[in-house]
Amino acid sequence: MLSGRLAVVTGSNSGIGLGVAKELAKQGADVVINSFTDRPEDHALASEIASEFGVKARYIAADMSDASQCRQLIADAGAVDILVNNAGIQHVAPIEEFPTDLWDRIIAINMSSVFHTTAAAVGGMRTRGWGRIINIASAHGLTASPYKSAYVTAKHGVVGLTKTVALETAEDPITCNAICPGYVLTPLVEAQIPDTMAQYGMDRETVIREVLLQRQPSKQFATTQQIGGCTAFLCSPAADQITGTTLSVDGGWTAL
Ligand code: NAD
C-alpha cells in the first residue's frame with residue numbers, strides 16, 4: 001500500500017515510534033528512524049527493519065530538542081512523504097516543584113519539534129503532491145492529569161498545531177492528524193512502575209490496574225502495533241478526507 005513512499009518517524013529507536021516504523025515498513029514504505037543517540041545498535045535496528053520488510057531503512061541521529069537538528073533531519077532524509085512526529089519525554093512533579101529546565105525540554109521535544117519538522121517537510125509534500133503528517137499526541141492532549149503540567153501543555157499544543165496545519169494544507173493532497181493514545185506499555189511507562197510500586201506499597205499488577213489503567217476503562221494497554229496500524233490507516237486512501245482531527249486509542253479514557 002505504501003511502496004514508493006518515504007516515512008520519517010522521530011524518536012523511533014524504541015516504543016511507539018519503533019512500532020509505527022515497523023508497521024509502515026510492513027505496508028511497503030521506506031523508513032527513516034531517529035533518536036538523539038548515534039550507537040551501532042541504532043543503525044542495526046534500521047538494518048533489521050530493512051531485511052524483515054524488504055524496504056530501505058536508515059537511522060539518522062538528530063536531537064529533537066534542537067530546532068536546527070529537527071530541520072536537518074528532514075533535509076537529510078530526502079523526499080519525505082509521511083512524517084510521524086513521535087519523539088517525547090515525560091516528567092511528573094507538582095507545578096511549584098517542576099524544574100524549569102525540564103519544562104523547557106518537554107516543550108521543545110514534545111511540541112516545538114513538531115513545528116520545526118512540519119515546517120521543513122510540508123513544502124516538499126506540496127511540490128510532490130502528496131503528504132501525510134501524523135502527530136503522536138496523547139489522551140493528555142485532550143484531558144489533563146495532575147503533576148504533568150509540561151506534558152499536558154505540550155500535547156494540547158500538538159493537537160492545536162495539528163488543526164492549524166490541516167487548515168493550511170486543506171486544499172493540497174496533504175492531511176495532518178493526531179493520534180491520542182492512552183497508556184501503551186513502552187519503556188516510558190515501564191520506567192514509572194517501580195517508583196509507583198514503592199510510593200503506594202503495591203505489587204506490579206495492582207499498580208498497573210489501579211494506578212496506570214485507572215482511567216482506561218478497558219483495563220488494557222494499547223499496543224505499539226495498534227498505534228502503528230492506526231498510523232497506516234491514516235496513510236491509506238480511506239483516510240484521504242480525514243484531516244485536522246484526533247484519533248483516540250485509549251480504551252475509552254476520553255469517553256469518561
Ligand atoms: P519511549 O521512551 O519508548 O520512546 C520515546 C522515543 O523518543 C525514544 O525513541 C527516544 O529515544 C526518543 N527521544 C527522546 N528524546 C529525544 C530527543 N531529544 N530527540 C530525538 N528522540 C528523542 O516512549 P513511548 O511511550 O514510545 O513514547 C512515544 C510517544 O508516544 C511520545 O511522544 C509519548 O508522549 C507518546 N505517548 C506515549 C504513551 C504511552 O503510554 N507510552 C501514551 C500517549 C502518548
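The following exchange concerns the cavity and the ligand shell of a predicted model.

Author: Local features here need pLDDT of at least 70 and side-chain atom pairs count only at pLDDT 80 or more, while totals for chains, interfaces and linings use all residues. Residues are numbered from 1 along each chain as its sequence is written, and side-chain values use heavy atoms, without hydrogens and water.

Reader: What makes a set of points a cavity?

Author: On a 1 Å grid over the protein atoms alone, a cavity is a set of points where a 1.4 Å probe fits but cannot get out. A search of the whole structure finds one cavity of 30 Å³ or more. The largest cavity has a volume of about 50 Å³, a volume being the space filled by probe spheres set on the grid points, which are joined across faces, edges and corners.

Reader: Why is Lys155 called a lining residue of the largest cavity?

Author: Lining residues have an atom within 4 Å of a point. Lys155 is listed in the lining of the largest cavity, as are Thr10 and Asn85, so Lys155 meets that cut-off.

Reader: What makes the approach of Lys155 to the ligand a polar contact?

Author: A polar contact is a pair of N or O atoms within 3.5 Å. An N or O atom in the Lys155 side chain is 2.9 Å from an oxygen atom of the ligand, so the pair qualifies.

Reader: Which residues are closest to the ligand?

Author: Asn13, Ser14, Ser35, Tyr151 and Thr186 are the closest of the 32 residues that surround the ligand. A residue counts as near if one of its heavy atoms lies within 4 Å.

Notes:
On a 1 Å grid over the protein atoms alone, a cavity is a set of points where a 1.4 Å probe fits but cannot get out, and a pocket is an open set with protein on both sides within 12 Å along at least five of seven lines; lining residues have an atom within 4 Å of a point. A polar contact is a pair of N or O atoms within 3.5 Å; within protein, one must be able to donate a hydrogen and the other to accept it, and residues adjacent in sequence count only if both atoms are side-chain atoms.
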